[in-house]
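Okay, thanks for coming, everyone. I'll put the structure up and then talk through the side chains a group at a time.

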Amino acid sequence: MKKIFTLIAAVIMGVGVASAQGFSAEAVAGLNVSDWGGLGDRVGFHAGIRGEYMTPVKGLYTNAAALFTLKGCKLDWGDLLTARTDVYYVEFPIHVGYKYDVTNSFAIFGDAGPYVAVGLFGKMNGAYDPEYVEVESDAIFDQCKRFDCGVGLRVGVEFFQRYVFSVSYDWGLLDSYIRETDDWDDWGEIDVTPSMKHTNLMVSLGFKF
């Protein structure tokens, strides 16, 4: 994990040295509304840093970020079953976009691209009838895969070339659940778990420096 952070920092610093005028760094933080396999929304957060490079083509830019983010799901079936899954990732989106300067102090933008994510830690807990037994597990990566990837779309506005407000949505492409099967005598192995892909809506505030 330390090597990954070192690599990202080296890339951002390298781009800044190569083209100081076209490069900016941005501290970013905000809220998530994530879902995992369609089981229910879980409110979380994200925070990190984004580097942006304005290309020689007017308005065209690329950016890369390193974000610490909470994803998961929250299932509520009343007295029958309640459950919540929290999974903490470090996520690396790389986007290409276009920025349009409406005035000298106001711009709109949109970008899109892939992301990769590495799971750090997490927890699952819940309660179910008929005995109302509480269940809790810290071994989250016994149930789900540590790595994830997907694609994302982001739109937003920028004020005074410094303050940024954006809304983004990510679609996970990998089934991150470790498959479980039941061995039925006449049917063989039958998959009893749904397809578990992450989706994540993010509302972010950023400050460029």
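**Side chains on the strands**

Let's start with Phe 160, which is exposed at 58% relative accessibility. On that scale, buried is under 20% relative accessible area, exposed is over 50%, and partly exposed is in between, with a 1.4 Å probe and protein chains only. Before I go on, a word on what you're looking at: this is a predicted model, where local features need pLDDT of at least 70 and side-chain atom pairs count only at pLDDT 80 or more, while totals for chains, interfaces and linings use all residues. Residues are numbered from 1 along each chain as its sequence is written, and side-chain values use heavy atoms, with hydrogens and water left out.

Back to Phe 160. Phe 160 sits in the loop between β7 (147-159) and β8, and the strands I'll name are DSSP runs of E with at least two residues, numbered from the N terminus. What is the phi of Phe 160? It's positive, about 55°, although Phe 160 is not a glycine. Gln 161 is in the loop between β7 and β8 as well. Its phi is near 55°, again a positive value in a residue other than glycine, and Gln 161 is exposed, at 60% relative accessibility.

Okay, next, the surface. There's a nonpolar patch made of Leu 31, Val 33, Val 43, Phe 45, Val 155, Phe 165, Val 167, Leu 201, Val 203 and Leu 205, and together they have about 790 Å² of accessible area. Two or more residues each come from β1 (23-36), β2 (42-54), β8 (163-172) and β11 (198-208). Which strand gives the largest share? That's β11, with three residues. As for the rules, a patch takes residues with over 30% relative accessible area and no salt bridge, and nonpolar side chains (Val, Leu, Ile, Met, Phe, Trp, Tyr) are joined within 5 Å, like charges within 9 Å. The areas are Shrake-Rupley with a 1.4 Å probe, and for residues only the protein chains shown count as cover. One of the patch members, Val 43, is in strand β2 and is exposed, with a relative accessible area of 51%.

Now the charges. Side chains of opposite charge can pair when their charged atoms come close. How many salt bridges does the structure hold? Nine, where a salt bridge means a side-chain nitrogen of Lys or Arg within 4 Å of a carboxyl oxygen of Asp or Glu.

Take Asp 86 and Arg 42, with their closest N and O atoms 2.6 Å apart. Asp 86 is in strand β4 (residues 81-103) and Arg 42 in strand β2, so this salt bridge ties together parts that are 44 residues apart in sequence. Asp 86 is buried at 8% relative accessibility, and Arg 42 is buried too, at 14%. Asp 86 also forms a salt bridge with Arg 84, at 3.4 Å for the closest N and O atoms, and Arg 84 is partly exposed, at 32%.

Then there's Glu 91 with Lys 71, a salt bridge at 2.8 Å, N to O. Here Glu 91 is in strand β4 and Lys 71 in strand β3 (residues 60-76), so the pair ties together parts 20 residues apart in sequence. Buried or exposed? Glu 91 is buried, with a relative accessible area of 1%, and Lys 71 is buried at 0%. There's a network as well, with salt bridges linking Glu 52, Lys 99, Glu 158 and Lys 208.

On to the rings. The structure holds nine aromatic pairs. Rings of Phe, Tyr and Trp (its six-membered ring) pair if their centres lie within 6.5 Å; planes under 30 degrees apart are stacked, over 60 edge-to-face, and the rest tilted. Tyr 163 and Phe 207 make a tilted pair, 5.7 Å centre to centre with 50° between the planes. That pair links distant parts of the chain, with Tyr 163 in strand β8 and Phe 207 in strand β11, 44 residues apart. Tyr 163 is partly exposed at 43%, and so is Phe 207, at 35%. Ring pairs also join Phe 45, Phe 68, Tyr 88 and Phe 121 into a cluster.

Last, charges over rings: NZ of Lys or CZ of Arg within 6 Å of the ring centre and within 35 degrees of the ring normal. Lys 99 lies over the face of Tyr 61, 5.7 Å from the ring centre. Arg 146 has its charged end over the ring of Phe 141, 4.1 Å from the centre.

Technical notes. Helix = DSSP H or I, 4+ residues; strand = E, 2+ residues; numbered from the N terminus.
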